[in-house]
Amino acid sequence: DVTIIPVVQTWRLPAPNGLFLAFLDGAVRTAALLRAQTPDALARIRSAVREATAEYREGDELIVPMRSMVVSGTKRKAM
């Protein structure tokens, strides 16, 4: 038996750099990739993330929708 439940969440981050900093400071693999960049490349990445998240800016916050799925299941005994 499998159940799939959609979950709508909102990530509230400080604007304009909150999402970039969340990945730089909080996501181990992504942080390692970002820290391996040259200063110029890192600045361009930060700028691109700011641009991409501009539509989610409300005042001093980024209000980012985060849809996810909670999936659970029960394994049946083999017959």
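1. In this predicted model, Leu24 touches Ala31, Leu34 and Arg35 when residues up to four places away in sequence are not counted. Leu24 belongs to helix α1, and because its relative accessibility is 9%, below the 20% limit, it counts as buried. The C-alpha atoms of Leu24 and Arg35 are separated by 7.6 Å, although the two residues stand 11 residues apart along the chain.

2. Leu24 is one of the buried residues of α1, which are Gly18, Leu19, Phe20 and Leu24. As to where these residues pack, the buried residues of α1 lie against β1, α2, α3 and β3, so a reader following helix α1 through the model will meet both helices and strands around its buried residues.

3. Arg35, already named as a contact of Leu24, also forms a salt bridge with Asp25, in which the closest N and O atoms are 3.4 Å apart. Because Arg35 lies in helix α2 (residues 28-35) and Asp25 in helix α1 (residues 18-26), the pair ties together parts that are 10 residues apart in sequence. Both Arg35 and Asp25 are exposed, whereas Leu24 is buried.

4. How many salt bridges does a search of the whole structure find? The search finds 4, and one of them joins the side chains of Arg76 and Asp1, with a distance of 2.7 Å from N to O. Arg76 lies in the segment after β3 and Asp1 in the segment before β1, so this pair ties together parts that are 75 residues apart in sequence. Arg76 and Asp1 are both exposed.

5. A further salt bridge is the one in which the side chains of Arg12 and Glu61 meet, at 2.9 Å from N to O. This pair links distant parts of the chain, with Arg12 in strand β1 and Glu61 in strand β3, 49 residues apart. The two partners can be described separately: Arg12 counts as exposed because its relative accessibility is 51%, while Glu61 is partly exposed, with a relative accessible area of 29%.

6. The strands deserve a point of their own. There are 3 strands in an open sheet, in the order β1-β3-β2, and their pairing is antiparallel. The edge strands are β1 and β2 (57-58), each of which pairs on one side only. Between β1 and β3 the antiparallel pairing runs over 13 bridges, and within this pairing Trp11 stands opposite Val64 in β3. As a general matter, strands of a sheet pair through backbone hydrogen bonds, either parallel or antiparallel.

7. Which residues form the nonpolar patch on the surface? The patch consists of Val2, Ile4, Met69 and Val71, which together have about 420 Å² of accessible area. Strands β1 (2-14) and β3 (61-73) each supply at least two residues of this patch. Val2 lies in strand β1, and it counts as exposed because its relative accessibility is 64%, over the 50% limit.

8. For the interior, the reader may turn to the largest nonpolar core, which has 5 residues, namely Leu13, Ala15, Leu19, Leu62 and Val64. Of these, Leu19 is also listed among the buried residues of α1, and Val64 in β3 is the residue that Trp11 stands opposite. Leu62 touches a long list of residues once those up to four places away in sequence are set aside, including Trp11, Leu13, Ala15, Pro16, Leu19, Thr53 and Tyr56.

9. Is Thr53 buried or exposed? Thr53, which lies in helix α3 (residues 39-53), is buried, because its relative accessible area of 6% is under 20%. Leaving aside neighbours within four places in sequence, Thr53 is in contact with Pro16, Leu19 and Leu62, and Leu19 and Leu62 are both members of the largest nonpolar core.

10. Pro16, a contact of Thr53 and of Leu62, lies in the loop between β1 and α1. A cis peptide bond joins Ala15 and Pro16, with omega at about 0°. In general, most peptide bonds are trans, and a reader new to this structure may therefore wish to look at this place in the loop, where the Ala15 to Pro16 bond is cis.

Key
Residues numbered from 1 in each chain as written. Predicted model: local features only at pLDDT ≥ 70, side-chain atom pairs only at ≥ 80, totals over all residues. Heavy atoms only, no water. Helix = DSSP H or I, 4+ residues; strand = E, 2+ residues; numbered from the N terminus. Buried < 20%, exposed > 50% of the residue type's maximum accessible area, 1.4 Å probe, protein only. Contact = heavy atoms within 4.5 Å. Core = buried A, V, L, I, M, F, W, Y, C linked by side-chain atoms within 4.5 Å. Patch = residues over 30% accessible without salt bridge, like charges linked within 9 Å, V, L, I, M, F, W, Y side chains within 5 Å. Areas by Shrake-Rupley, 256 points an atom, 1.4 Å probe, with all protein chains shown as cover. Pairing = 2+ DSSP bridges.
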